[in-house]
Amino acid sequence: MFDSIIACGDSFTKYHLTEISKSWPALLGQHYNVPVANLGKGGASNYEIALQPLQSTPNNIKELKNPLIIFGLTTPFRYPVYLPKETRIGSLASVLPEHLTYNQYTGVEEKIFEPTIKKMLVDDAFHQADIQILEMMLRWKELIEGSTIIWGRIHFQHQEPDGVVNRNALEEEQERIISLHQYLQDNGFESNCFNEVCEWFPLQHVLKGEPDMHINWEKLNQGTKILDGHPSDAGIKRFADNFIQYIDSKIA
Amino acid sequence: MDFDFILACGDSFTEGCQNIVGLGPEGTWPGLLAKKYNVPFANLASGGSSNTLISLQPVNTPHGKIENGSAVEWNGLENAKKPLIIFGFTVLDRWTYFDGDMGRITSHFSIDPEYMSKTDNHGNDWTDWQKDVPLQNLHRKHNFYNGKLLENYTWATVQAINLAMQYEQLIPGATVMWGFIHERHGVDSFGENIFTLIDKLSDPYEVTHGVMEWPSTHRCFNKAYDWKPLQRMFDKKKQYWLRPEINDHHPNLEGIQLIADTIDTAIQGVFDV
């Protein structure tokens, strides 16, 4: 049903402290024996992820026939910005007030976005934006001939933007994913959400906090503290296994 | 003819001020071209769009929804094998930003402080940061292009053209054309033609002209009008203005026909019909 794979996402898709040949898109390419373009970019917001097929078009795009386009969403709490130096849509990787600063690499004075970010948090606008962004992602099906699109949340945060750890974050995220999927179906979109294969939880949850599944996961006496939630090579393999299970049952 | 669909992107000069003219998309220049070539079309243009936003319209524009008063329908694109995608670019200095209420990128039609002090395209009040960002960016030169150091708004248009051309890579069989239609009224952003720019970074009282080499000019429809922005065809002829009584230089039906005819000349040049 597909002859190539185009993967879009943040660092959980690209690769993080490992090799790109060990990323989950690369593992899927090996499994299905198809060419792969991994367009993931660390710190990308969901809006930036939706634009990756256009802003990060791979040189070999014409070889990627009938692609399976996988959008691996990240936390909603990232803010899209227009980068004046690069003149492209980029992202603020964190909306925590203490992380907003002048970024000499992008030329963006991030602090000036703080009032709008606060307003968006109050209005729950980050989650509302995900609806528009998902519609954009699914629109690629009309533009790229022979494409099939699947989407789902990979990366999520237990911490709310105010820094407080939300103990119910996982369950809330599960409800949101189901709600997004339902919204798309109710509005006539063909929604293929890979979170279905992991009980509608974010894919990150399949790592289940097992230390070996993460790059750096430290257990403290008071409980478990995540230093780096990125998957280890073993964790990435588990991501790929879940993708294969979903694709084989729903797409291939 | 070597295309089976027309997808048009742009600002109000492409959108056609449909709510004022009183005709639907069929009365805009993309609609006139589609009628001539007997192909389906979609006009995704939206008033006030920046060049960056125009280059994103094929993916950023909601499908089948109301966009600034105009129904945007894409019927038939999914069946098109050889779409012709035309980008009608505009003035260089418009500001692109993320609108949290809309959940997507949008733009503001002017960076003139007089207009920034009011409201945005959607009736929202401008906050202080919204006023500051574009003005900060206007006076920063950051990027070398063909040996020249460009200010951000010109560089943004170079990148917008590059993005527009990228659709040819993404959509097998697609042909992309681009060009400038709208130019800044009162203070020309272009000199004699689109290759001469007024350097806005110079002292405001010292107007200098520089040579600009735009990318992908082999697909630029301005060639059909001696490389001038198309608005100049009627900018000093009130009979082509939509509302001369209030100095509104948008094209009326006759002006829209002029644009359509000129872009048609460019189309024939590309496809050698």
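The radius of gyration is taken over C-alpha atoms, and the globule rule is 2.2 Å times the number of residues to the power 0.38. The exercises below use a predicted model, in which local features need pLDDT of at least 70, side-chain atom pairs count only at pLDDT 80 or more, and totals for chains, interfaces and linings use all residues. Residues are numbered from 1 along each chain as its sequence is written, while chains are lettered from A and ligands numbered from 1 in the order in which they are written.

**Exercise 1. Describe the build of chain A.**

Task: find the radius of gyration of chain A and set it against the globule rule.

Solution.
- Step 1. A compact globule of 252 residues would have a radius of gyration near 18 Å. Chain A has 18 Å, which agrees.
- Step 2. Take the extents. The C-alpha trace of chain A spans about 45 × 45 × 40 Å along its principal axes.
- Step 3. List the elements. Chain A has six helices and ten strands. Helices (H or I, at least four residues) and strands (E, at least two) are DSSP runs, numbered from the N terminus.
- Step 4. Look at burial. A residue is buried if 20 or more other C-beta atoms lie within 10 Å of its own, exposed if 12 or fewer, and partly exposed in between, with C-beta atoms placed from the backbone. Of the 252 residues in chain A, 46% are buried.
- Step 5. Look at contacts. Two residues are in contact if their C-beta atoms, placed from the backbone, lie within 7 Å. Take the contacts in chain A between residues at least 6 apart in sequence: 65% join residues at least 24 apart.

**Exercise 2. Trace the four-stranded sheet of chain A.**

Task: give the strand order, then place the helices that touch the sheet.

Solution.
- Step 1. The order is 2-1-3-8 in an open sheet with parallel pairing. Two strands pair if DSSP finds at least two bridges between them.
- Step 2. Find the edges. Strand 2 and strand 8 (148–153) of chain A each have a single partner strand, so one side of each lacks a neighbour in the sheet.
- Step 3. The twist averages 15 degrees from one strand to the next. Axes are lines fitted to C-alpha atoms, for helices over the stretch in contact, and angles run from 0 to 180 degrees between N-to-C directions.
- Step 4. Check one pair. Strand 1 and strand 3 (residues 67–73) of chain A are joined in the parallel sense by five bridges. A:Ala7 has A:Ile70 in strand 3 as its bridge partner.
- Step 5. Add helix 1 of chain A. This helix packs on the sheet and touches strand 1 and strand 2 of chain A, with its direction at about 175 degrees to that of strand 2.
- Step 6. Add helix 2 (residues 46–55) of chain A. It lies across strand 1 and strand 3 and runs at about 165 degrees to strand 3.

**Exercise 3. Find the buried residues of helix 1 of chain A.**

Task: name these residues and what covers them.

Solution.
- Step 1. Helix 1 covers residues 24–32, and its buried residues are A:Trp24, A:Pro25, A:Leu27, A:Leu28 and A:Gly29.
- Step 2. Their cover includes strand 1 (4–8), strand 2 (36–38) and helix 6 (233–250) of chain A.
- Step 3. Go past the helix end. A:Asn33 follows, with a positive phi near 55 degrees.

**Exercise 4. Judge two residues with positive phi.**

Task: are A:Asp124 and B:Asn38 buried or exposed?

Solution.
- Step 1. A:Asp124 is not a glycine, yet its phi is positive, about 60 degrees. Its loop runs between helix 3 (114–122) and helix 4 (125–143) of chain A.
- Step 2. A:Asp124 has 10 other C-beta atoms within 10 Å, so it is exposed.
- Step 3. B:Asn38 has a phi near 55 degrees. This residue sits in the loop between helix 3 and strand 2 of chain B.
- Step 4. B:Asn38 has 8 C-beta neighbours inside 10 Å and therefore counts as exposed.

**Exercise 5. Examine where the chains meet.**

Task: how many residues of each chain are in contact with the other?

Solution.
- Step 1. The contact involves 36 residues of chain B and 37 residues of chain A.
- Step 2. On the side of chain B that touches chain A, helix 7 of chain B gives the largest share, eight residues.
- Step 3. That side of chain B divides into 17 nonpolar, 14 polar and five charged residues. Here Ala, Val, Leu, Ile, Met, Phe, Trp, Tyr, Cys and Pro count as nonpolar, Asp, Glu, Lys and Arg as charged, and the others, Gly among them, as polar.
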